[in-house]
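Q: Hey, I'm new to this one. Can you walk me through it?

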Amino acid sequence: MLDRIDHVGVATENLEGAIALYEGSFGMPVAHRETVESQGVEAVLLDVGEGHVELLAPLGPDTPVGKFLAKKGPGLHHVAYAVSDIEDTLSKLKEAGVEMIDNEPRVGIRDSRVAFLHPKATGGVLTEIVEPAH
């Protein structure tokens, strides 16, 4: 059902400092940077192998990532899995009784289509399903 790990999302209060760490210290090149207004974040994708680390900085305290940082502090935010057909994958997950945050896909970074699964249904890990743009 899931093709591969697409990325891991890391919430940060200091985007430039996080970029310096991942790019400068770990040698992970920046692949893409974008403000995703609909999700309330500035996001930076860094390449690592066939996947990415996605650094997430909130656009404000009342955004999902802003609330996450206030509650838990910086660190691992979510794990994202790539799929070729997000509607089919979401249908199968719903049939299996997996609790969803998003019942329908929405637009994510780089015009991908994304949906989040509730952490209560995934062992406490916020999980994102991603259909990359073609």
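Q: What covers the buried residues of H1?
A: Keep in mind that this is a predicted model. The cover over the buried residues of H1 includes four strands: S1 (4–11), S2 (30–36), S3 (41–48) and S4 (51–58).

Q: And which residues of H1 are the buried ones?
A: Helix H1 spans residues 15–25, and its buried residues are Leu15, Ala18, Ile19 and Tyr22. Looking down the axis of H1, they fall within an arc of 100°, so they line one face of the helix.

Q: Why would a spacing like that put residues on one side?
A: An α-helix has 3.6 residues a turn, so residues three or four places apart point the same way.

Q: OK, what's exposed on the face of H1 turned away from the buried side?
A: Gly24 and Ser25 are the exposed residues there. Just after H1 comes Gly27, with a positive phi of about 70°.

Q: Now H2. Which of its residues are buried?
A: H2 runs over residues 64–72, with Val65, Gly66, Phe68 and Leu69 buried. Seen down the axis of H2, these fall within an arc of 160°, so they line one face of the helix. On the other side of H2 you'll find Pro64, Ala70 and Lys71 exposed.

Q: What covers the buried residues of H2?
A: Strands S1, S3, S4 and S5 (75–82) are included in that cover. After H2 comes Gly73, whose phi is positive, near 80°.

Q: Switching topic: where does Glu128 lie?
A: Glu128 is in strand S8, residues 127–131. Glu128 is buried but has no salt bridge.

Q: Which side chain of opposite charge is nearest to Glu128, then?
A: That's Arg106, 7.2 Å away. For a salt bridge, the nitrogen and the carboxyl oxygen have to be within 4 Å.

Q: Which side chain does Glu128 have a polar contact with?
A: The side chain of His7, at 3.1 Å. Leaving aside neighbours within four places in sequence, the residues in contact with Glu128 include His7, Glu54, His78 and Tyr81.

Q: And Arg106, where does that one lie?
A: Arg106 lies in strand S6, residues 106–107. Its relative accessibility is 31%, so Arg106 counts as partly exposed.

Q: What does the side chain of Arg106 make a polar contact with?
A: The side chain of Asp102, at 3.0 Å. Beyond its neighbours within four places in sequence, Arg106 is in contact with Gln39, Ser112, Arg113, Val114 and Phe116.

Key:
Residues numbered from 1 in each chain as written. Heavy atoms only, no water. Helix = DSSP H or I, 4+ residues; strand = E, 2+ residues; numbered from the N terminus. Buried < 20%, exposed > 50% of the residue type's maximum accessible area, 1.4 Å probe, protein only. Lys, Arg positive; Asp, Glu negative; His and termini not counted. Polar contact = N/O pair within 3.5 Å; in protein donor to acceptor, adjacent residues only side chain to side chain. Contact = heavy atoms within 4.5 Å. Arc of directions from axis to C-beta.
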